Amino acid sequence: MKLASLPHGRDGRLCIVSSDLAWYTPADHLVPTLQAALDDWDAHEPLLRALATELEHGAIPRERFHERAAAAPLPRAYQWADGSAYVNHVELVRKARGAELPDSFWHDPLMYQGGSDDLRGARAPITLADESWGCDMEAEICVVTGDVAQGASAEEALAAVRLIGLVNDVSLRGLIPGELAKGFGFVQSKPATHFSPVFVTPDELGAAWSGGRLSGVLRVDLNGQAFGRAEAGEECTFDFGTLIAHLAKTRQIGAGSIVGSGTVSNRDADGSPGRPCSAGGRGYSCIAEQRMVETIEGGKPVTPFLRYGDVVRIEMVDAKGHTIFGAIESEVVPA
């Protein structure tokens with residue numbers, strides 16, 4: 001089942017989208033918003049699923065679904081927390097700042113709390129006030145949870161995953177060092193986050209969703225050119241059950257919380273940090289990684305961070321080449 005929200009008020013209007021993302025039917029006569037559906041998932045999910053089946057069979061009125069018209073599936077959420085499932089990414093970015101990677105990072109996830117009151121749709125622009133802030137994309141997987149009890153195990157936490165999607169966790173690299181130096185975490189360096197047009201239930205993904213990990217190539221294009229083709233199921237140190245349990249260690253988690261994987265990242269086959277797509281490698285899911293590799297190989301970074309007019313596209317397709325979540329495609333514009 002694939003769910004989306006069309007713009008309406010602050011929290012959108014819930015709709016069901018066909019598996020091929022060609023059609024939708026409103027679902028707000030059953031439950032007005034996706035958050036309301038998540039609040040009582042056991043009651044609403046069977047009704048929404050029945051509606052999805054009718055849509056697939058063309059048994060009910062339907063309209064064309066346009067990704068550009070969709071809001072974020074959750075235009076605002078009670079919680080957005082981003083983890084560090086791909087430790088290779090963390091290691092590379094810390095090297096770029098001249099910081100060593102503590103061994104604990106391989107068994108104790110990093111996580112930060114992002115802003116969840118303004119979650120952007122897939123075609124919303126990346127609004128940037130100053131190019132010198134070093135704007136970067138970070139292509140990730142995310143999940144949406146039901147209620148999770150404080151102290152839940154990884155298995156219990158994984159069972160609470162309701163939906164899966166893609167996210168561009170926009171970062172301002174030039175502001176990060178100063179904020180971290182204060183010892184209090186990210187705020188200004190993490191602007192509004194962008195989400196895929198639809199979120200999907202785990203069963204929709206078949207064997208690609210297994211053990212709390214999503215397998216598949218995460219396609220990242222910059223200005224129409226291949227930038228990243230990382231395999232999301234590989235080198236994923238922490239599954240989503242572990243990430244959610246980490247968040248729930250000292251508090252309960254409310255339904256509708258979004259948890260991110262962190263930037264999807266692969267090493268090269270020989271264990272090196274990886275090669276750009278243009279050199280036959282899998283590329284990168286953020287610019288910071290490519291800049292780090294350039295520094296290792298040439299002594300300094302060459303690839304610039306995002307500038308006004310740049311367009312970032314993030315997407316994942318299935319074995320038949322069909323889009324799964326729709327595409328995040330955002331242009332960088334002056335704030």
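**Entry 1. Charges over rings**

I take a charge to sit over a ring if NZ of Lys or CZ of Arg is within 6 Å of the ring centre and within 35 degrees of the ring normal. I note at the outset that this is a predicted model. With that rule in hand, I looked up Arg62 and found its charged end over the ring of Trp23, 3.8 Å from the ring centre. I then turned to Lys190, whose charged end sits over the ring of Phe186 at 5.2 Å from the centre.

**Entry 2. Nonpolar cores**

I next asked which residues have the most contacts inside the largest nonpolar core. They are Ile141, Ile164, Met316 and Phe325, in a core of 66 residues. Helix H6, residues 240-247, gives the most to this core, contributing 5 residues. I also recorded another core that lies apart from it; this one has 29 residues, including Ala27, Ala37, Phe199 and Ala255. I set beside this the general tendency of nonpolar side chains in soluble globular proteins to be buried together.

I followed Phe325 further and listed its contacts, leaving aside neighbours within four places in sequence. Among them are Leu21, Ile164, Leu166, Pro197, Val198, Leu214 and Met316. Gly165 and Ser196 also belong to the list of contacts of Phe325.

**Entry 3. Two residues with positive phi**

Leu21, one of the contacts of Phe325, drew my attention for its backbone. Its phi is near 60 degrees, a positive value in a residue other than glycine. I located Leu21 in the loop between strand S2 (13-17) and strand S3 (23-26). Is Leu21 buried or exposed? Its relative accessible area is 6%, so I entered Leu21 as buried.

I found a positive phi at Glu235 as well, near 55 degrees. Glu235 lies in the loop between S17 and H6. I noted Glu235 as partly exposed because its relative accessibility is 34%.

**Entry 4. An open sheet**

I traced an open sheet of 5 strands and wrote down the order S7-S20-S19-S16-S17, with mixed pairing. Which strands stand at the edges? They are S7 (126-128) and S17 (225-231); each has a single partner strand, so one side of each is left without a neighbour in the sheet. On average, neighbouring strands of this sheet are turned by 20 degrees against each other, direction ignored.

I went through three of the pairings. S7 and strand S20 (residues 328-334) run parallel and are joined by 3 bridges. Here I found Leu128 opposite Pro334 in S20. S19 and S20 run antiparallel, with 4 bridges between them. I looked up Arg313 and found Glu329 in S20 as its bridge partner. Strand S16 (residues 217-222) pairs with strand S19 (residues 311-316) in the antiparallel sense over 5 bridges. Val220 faces Ile314 in S19.

**Entry 5. Aromatic pairs**

My search of the whole structure gave 5 aromatic pairs. I examined Trp80 and Phe195, an edge-to-face pair with 5.7 Å centre to centre and 80 degrees between the planes. Trp80 belongs to strand S5 (residues 79-83) and Phe195 to strand S12 (residues 194-195), so the pair ties together parts that are 115 residues apart in sequence. Trp80 has a relative accessible area of 1% and is buried; Phe195, at 1% relative accessibility, is buried too.

I then examined Trp209 and Phe240, whose rings form a tilted pair at 6.2 Å centre to centre, with 35 degrees between the planes. This pair links distant parts of the chain: Trp209 in strand S14 (residues 209-210) and Phe240 in helix H6, 31 residues apart. Trp209 is buried at 15%, and Phe240 is buried at 5%.

Returning to Trp80 and Phe195, I found that ring pairs link them with Phe199 into a cluster. Phe199 had already appeared in my notes as one of the residues of the 29-residue core.

**Entry 6. Pro191**

I closed with Pro191. Where is Pro191 found? It is in the loop between helix H5 (176-181) and S12. I recorded Pro191 as partly exposed, since its relative accessibility is 28%. Leaving aside neighbours within four places in sequence, Pro191 is in contact with Val170, Ser171 and Leu172. I also looked up Thr127, 64 residues from Pro191 along the chain; the C-alpha atoms of the two are separated by 8.7 Å.

Definitions and conventions. Residues are numbered from 1 along each chain as its sequence is written. This is a predicted model: local features need pLDDT of at least 70, side-chain atom pairs count only at pLDDT 80 or more; totals for chains, interfaces and linings use all residues. Side-chain values use heavy atoms; hydrogens and water are left out. A nonpolar core is a set of buried Ala, Val, Leu, Ile, Met, Phe, Trp, Tyr and Cys residues joined through side-chain atoms within 4.5 Å. Buried means under 20% relative accessible area, exposed over 50%, partly exposed in between (1.4 Å probe, protein chains only). Contact means heavy atoms within 4.5 Å. Two strands pair if DSSP finds at least two bridges between them. Axes are lines fitted to C-alpha atoms, for helices over the stretch in contact, and angles run from 0 to 180 degrees between N-to-C directions. Rings of Phe, Tyr and Trp (its six-membered ring) pair if their centres lie within 6.5 Å; planes under 30 degrees apart count as stacked, over 60 as edge-to-face and the rest as tilted.
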